[in-house]
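Student: Could you take a close look with me at the charged side chains and how they pair up? I would like one connected walk through that part, please.

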Amino acid sequence: MAISDVKEYTHLTEEEVEQIGRELDAIRAEIEDSRGAKDAAYINRLIKIQRGLAAAGRVTLLASSATGKAKKPAWVAGAALLGVAKILENMEIGHNVMHGQWDWMNDPEIHSSNWEWDTAQPAEQWKHSHNYIHHQFTNVLGYDNDIGYGILRMAREQKWHPVYLGQPIYNALLASLFQWGVALHDLDLERIRKGQKDPKEMKRQLRQIARKGRNQILKDYVVYPALSGKGWKSTLTANMTANLARNLWAYVIIFCGHFPDGALHFTEEEIEDETRSEWYLRQILGAANFNGGPLLHIMSGNLGFQIEHHLFPDLPSNRYADIAVRVRALCEKYDIPYTTGPLYQQYGQALRTIIKLSLPNSMTSSDQPPPMTEPPTPAHDRKRRSDDERPPRRRELGGWMRSAS
Amino acid sequence: MIAVADGRVPDVTAGRWVTQCALSRICGSCAESLGRPVAFLGTPAEVARNAFHLPPMHVACAEDLRRTPDADPTWQLTLTAGFEFVRPAREDEDRRPTFQPNSLL
């Protein structure tokens, strides 16, 4: 069931919702005031470790190719080191740097404007499709393109079509080729297919993707294998394995963020005239955490604290663990659902939803917690919206336009 | 001067555009990726409150905008490495989101 009014769903009064907002504002202000050298040391140390792992992986593969000794163990070690380095770069470093979590450091390199990550999607397009579309319209049907990435049916409100019978296969393909799926995400293939996409913008984006994709392929599948001489095949397969491992890991973590049972969807009515507090509430209800130790959280880009990440996407990720304790206590105080569980359980629920929703609603039941009621398979238009069709959050006129009009 | 990639001309102060610039980290004037430092144009009151209404811009774009005939003559340029995007609360009389520079240069 998609929610059209978070206040009504949570049985909170307007004053309670605003009080929750004030308490979350206070958490935010406290973190902003206290971030400093310790946080900067954390991200600098992490980048150093990640680069060390990447260099060690590359050198291990090159050395094993050159000497021909201990080929198999070296291949395993090289691929593993490289895979971990790629995961760290994408998840805890790239994703969070591009959110602007570290901009306050005024570092010339660790800044949302400059960072280009080790994956096929150009940073500029990711900042639009993820930072803006996904974080602004989180889980709003027809607005948030991350609901199924345009190829999977992930909400019972989405109209069923026989093409979704193949959903388990599309899901496996998406997981394996995740970086390429993400690379095409901001293009909006549905609008291209319908001839609604501006051709100039489409060409510009395609050029960007082609350039970035070509560089990624050259790096991992041409240059490093070529440097390995006779052992080129071993380096190539190790690089391919590292990329596959990163793809699968990133896919699992991302799907655990919004698709386990308990993470709710919303209708467009909810975002009309939404206040900051209501926006906070939608982020809490639309996201899901998973439990784990510090290493798991670092390897996941701290997206196991998906709820906290959605509340404060531009606060440093190393603070989410502390913030989570306070957010959870706040949710308990106001009896707001706080969705969390072990990683295997959260992914298992997401996978079950993928498999179930390949069939029409009439053949399956909802797994959402009560008091959910079953909607019929709808004929509702849930097409992807363009930026123009997404509603403005605020009506306003500024000084510059006032004098221009 | 103010144009997005597909040739449309947005109102640089419109809520949707301001939000998109803030989250996509693009210049409110030229729509290209922001650089470092980030520039904000604001009235003396906005500078004093450290809360700006115009979206983040490149330094050159902000300078250009300030020189246009329609520019507010009181606008001051503020440079920062980063900023917070603050959505309006229910009790705020001014329902526009604001940008609060967090590392002034």
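Tutor: Happily; what follows starts with the charged pairs and then turns to the surface and the cysteines.

This is a predicted model, in which local features need pLDDT of at least 70 and side-chain atom pairs count only at pLDDT 80 or more, while totals for chains, interfaces and linings use all residues. Residues are numbered from 1 along each chain as its sequence is written, chains are lettered from A and ligands numbered from 1 in the order in which they are written, and side-chain values use heavy atoms, with hydrogens and water left out.

Let's begin with salt bridges. The term stands for a side-chain nitrogen of Lys or Arg within 4 Å of a carboxyl oxygen of Asp or Glu. Over all chains, the search finds 28 of them. One joins the side chains of A:Asp103 and B:Arg25, with 3.0 Å from N to O. That pair crosses between chains: A:Asp103 sits in the loop between α4 (71–98) and α5 (123–136) of chain A, and B:Arg25 in the loop between α1 (15–24) and β1 (38–42) of chain B. Helices (H or I, at least four residues) and strands (E, at least two) are DSSP runs, numbered from the N terminus.

Are these two partners buried or exposed? Here buried means under 20% relative accessible area, exposed means over 50%, and partly exposed lies in between (1.4 Å probe, protein chains only). A:Asp103 has a relative accessible area of 2%, so this residue counts as buried. B:Arg25 is buried too, because its relative accessibility is 5%.

Now take another pair. B:Arg90 and A:Glu14 meet through their side chains in a salt bridge of 3.5 Å, N to O. This pair also crosses between chains, running from the loop between β3 (83–86) and β4 (98–101) of chain B, where B:Arg90 sits, to helix α2 (residues 14–34) of chain A, which holds A:Glu14. B:Arg90, at 29%, counts as partly exposed, and A:Glu14, at 41%, is partly exposed as well.

In chain A, the side chains of A:Glu15 and A:Arg22 form a salt bridge at 2.6 Å, N to O. A:Arg22 is partly exposed, because its relative accessible area is 31%. Salt bridges can also link up: A:Arg28, A:Glu32, A:Arg35, A:Asp314 and B:Glu84 belong to a network of them.

What about charges on the surface? A:Lys203, A:Arg207, A:Arg211 and A:Arg214 make up a positive surface patch. Patch residues have over 30% relative accessible area and no salt bridge; like charges are joined within 9 Å, and nonpolar side chains (Val, Leu, Ile, Met, Phe, Trp, Tyr) within 5 Å. A:Arg207 belongs to helix α9 (residues 199–227) of chain A. A:Leu227 is in helix α9 of chain A too, and it joins A:Leu218, A:Val222 and A:Val223 in a nonpolar surface patch with about 330 Å² of accessible area together. The areas come from the Shrake-Rupley method with a 1.4 Å probe. A:Leu227 counts as exposed because its relative accessibility is 56%.

Finally, the cysteines. Zero disulfides turn up over all chains, a disulfide being a pair of cysteine sulfur atoms within 2.5 Å. B:Cys21 is in none, and the nearest cysteine sulfur, that of B:Cys27, is 7.3 Å away. B:Cys21 is buried, with 0% relative accessible area, and A:Cys256 counts as buried at 1%.

Notes
Lys, Arg positive; Asp, Glu negative; His and termini not counted. Charge placed at Lys NZ, Arg CZ, Asp CG, Glu CD.
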